[in-house]
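Hi,

Here is the structure I said I would pass on. Have a look at it first, and then read on for what turned up.

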Amino acid sequence: MMERNDAAVSVRGLKKGFKNVPVLNGVGFDVQKGSIFALLGANGAGKTTTIKILVTLLKPDAGTAFVDGFDAVKAPDKVRERISLTGQFTAVDDILTGRENLLMIARLRHLKNPRAAADGLLKSFGLSDAANRRAGTYSGGMKRRLDLAMSLVGEPSVIFLDEPTAGLDPEGRLDVWKTVKDLARNGTTIFLTTQYLDEAEHLADRIAILHQGRIIADDTLAELRKLFPPAKLEYVEKQPTLEEIFLAIIGGDGRGEGK
């Protein structure tokens with residue numbers, strides 16, 4: 001079943017609970033194709049639950065979720081063909097080389113020329129010189145780039161990134177940021193969750209805030225800033241940061257509920 005609008009991800013009235021405890025309570029939003037969308041929320045706000053529903057790992061109690069035009073509940077196989085998921089921890093096999101990791105995924109996706117696909121991604125992600133090294137010897141940033149390259153095998157339409165820079169040093173984070181921007185520039189839709197508000201501020205075309213099971217804000221950073229007038233410091237206007245906006249919207253305590 002196809003969704004009517006042209007969004008890469010379209011969610012309406014999404015509800016999910018665990019052991020009679022509501023986690024998502026009528027969530028709805030759209031993600032436009034080729035954009036970077038950031039879903040923000042405190043620990044336990046329901047971000048990972050939302051992603052698990054969208055990537056067909058969980059079924060919602062109510063509501064609809066369409067990904068690249070297909071219903072995540074009624075057509076999960078079609079959705080899985082079109083997406084990739086990169087979690088908080090890399091799915092890289094440390095024993096294999098960078099090239100071998102990519103070849104493994106390419107063969108699992110039944111690509112006709114897995115070596116050409118692997119070599120092309122190694123070049124795109126700046127890993128050609130390290131292609132024959134065991135992935136266990138890579139730095140954190142290099143390993144995350146390899147993880148993202150593995151996510152692109154088969155050219156998925158939508159990539160879900162759940163806390164993609166957790167645990168990385170500043171240089172590694174900048175590497176991932178550049179890669180994410182390049183992916184979106186080339187037409188891939190990025191659905192991002194992050195605890196780092198500066199990351200969303202730097203990357204996202206649109207930002208949604210999930211709090212107590214509901215979307216309480218959903219707009220561009222520029223529009224969210226209009227909700228809070230800039231402070232004047234010695235005749236210079238200081239624009240509010242996304243962190244200041246986030247804390248003001250959710251009430252300032254930073255605590256969420258649910259999973």
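Let me start with a question: does Phe37 count as buried or exposed? Phe37 counts as buried, at a relative accessibility of 1%. Before going further, please keep in mind that this is a predicted model.

**The phenylalanine cluster**

Phe37 has company. A cluster made of Phe29, Phe37, Phe160 and Phe191 is held together by ring pairs. The count of aromatic pairs comes to 4. Take Phe29 and Phe37: their ring centres are 5.2 Å apart and the planes meet at 25°, so this pair is stacked, given that planes under 30 degrees apart count as such. Phe29 is buried too, with a relative accessible area of 3%.

Phe29 also pairs with Phe191, but here the geometry is tilted, with 5.8 Å from centre to centre and 45° between the planes. Phe29 sits in strand β2 (residues 21-31) and Phe191 in strand β8 (residues 189-193), so the pair ties together parts that lie 162 residues apart in sequence. Both of these residues, Phe29 and Phe191, are buried.

**Strand β3**

Phe37 belongs to β3 (residues 36-40), and 5 of the 5 residues in that strand are buried. In a regular strand, side chains alternate between the two faces of the sheet. In β3 both faces are covered: Ile36, Ala38 and Leu40 are buried on one side, and Phe37 and Leu39 on the other.

As for its neighbours, β3 runs parallel to β8 and is joined to that strand by 4 bridges; Ile36 stands opposite Ile190 there. Another 4 bridges join β3 to strand β9 (residues 206-211), again in parallel, and in that pairing Leu39 faces Ala208 of β9.

**The antiparallel sheet**

Then there is an open sheet of 4 strands, ordered β2-β1-β4-β5, with antiparallel pairing. The edge positions go to β2 and β5 (70-71), each of which has a single partner strand, so one side of each is left without a neighbour in the sheet.

If you walk across the sheet, β1 and β2 pair over 8 bridges in the antiparallel sense. Val11 is the residue opposite Phe29 in β2, which takes you straight back to the aromatic cluster, where Phe29 is a member. The hairpin of β1 and β2 has 2 residues between the strands, and Lys19 takes a positive phi near 50° in that hairpin.

On to the next pairing: strand β1 (residues 9-18) and strand β4 (residues 62-67) run antiparallel and share 5 bridges. Ser10 has Phe66 of β4 as its bridge partner, while Arg12 stands opposite Thr64 in β4.

**Charges over rings**

Two residues worth a click here are Lys16 and Arg173. Lys16 lies over the face of Phe18, 5.6 Å from the ring centre. Arg173 does the like with Tyr196, at 4.3 Å from the ring centre.

**Helix α1**

How many of the 8 residues of helix α1 (residues 47-54) are buried? The number is 6, so the helix is largely enclosed by the rest of the structure. The buried residues in α1 are Lys47, Thr49, Thr50, Ile51, Ile53 and Leu54; note the lysine in that list. Just after α1, Thr56 takes a positive phi of about 75°.

**An exposed phenylalanine**

After the buried rings, have a look at Phe89 in the loop between β6 (83-86) and α3 (98-108). At 72% relative accessibility, Phe89 counts as exposed, since the cut-off for that is over 50%. From C-alpha to C-alpha, Phe89 and Thr165 are 9.2 Å apart in space, though 76 residues apart in sequence.

**The largest pocket**

Last item: the largest pocket has a volume of about 420 Å³. It is lined by 14 residues, and the closest to its centre are Ser124, Phe125, Leu152, Leu183 and Asn186. Two elements, α4 (114-124) and α6 (170-185), give two or more residues to the lining. The largest share, 5 residues, comes from α6. By residue type, the lining divides into 5 nonpolar, 4 polar and 5 charged.

Over to you now.

Best wishes

Definitions and conventions
Residues numbered from 1 in each chain as written. Predicted model: local features only at pLDDT ≥ 70, side-chain atom pairs only at ≥ 80, totals over all residues. Heavy atoms only, no water. Phe/Tyr/Trp six-rings, centres within 6.5 Å; stacked < 30°, edge-to-face > 60°. Buried < 20%, exposed > 50% of the residue type's maximum accessible area, 1.4 Å probe, protein only. Lys NZ or Arg CZ within 6 Å of the ring centre and 35° of its normal. Pairing = 2+ DSSP bridges. 1 Å grid on protein atoms, 1.4 Å probe; cavity = no way out; pocket = protein on both sides within 12 Å on 5 of 7 lines; lining within 4 Å. Points joined across faces, edges and corners; volume = space filled by probe spheres on them. Nonpolar A, V, L, I, M, F, W, Y, C, P; charged D, E, K, R; others polar.
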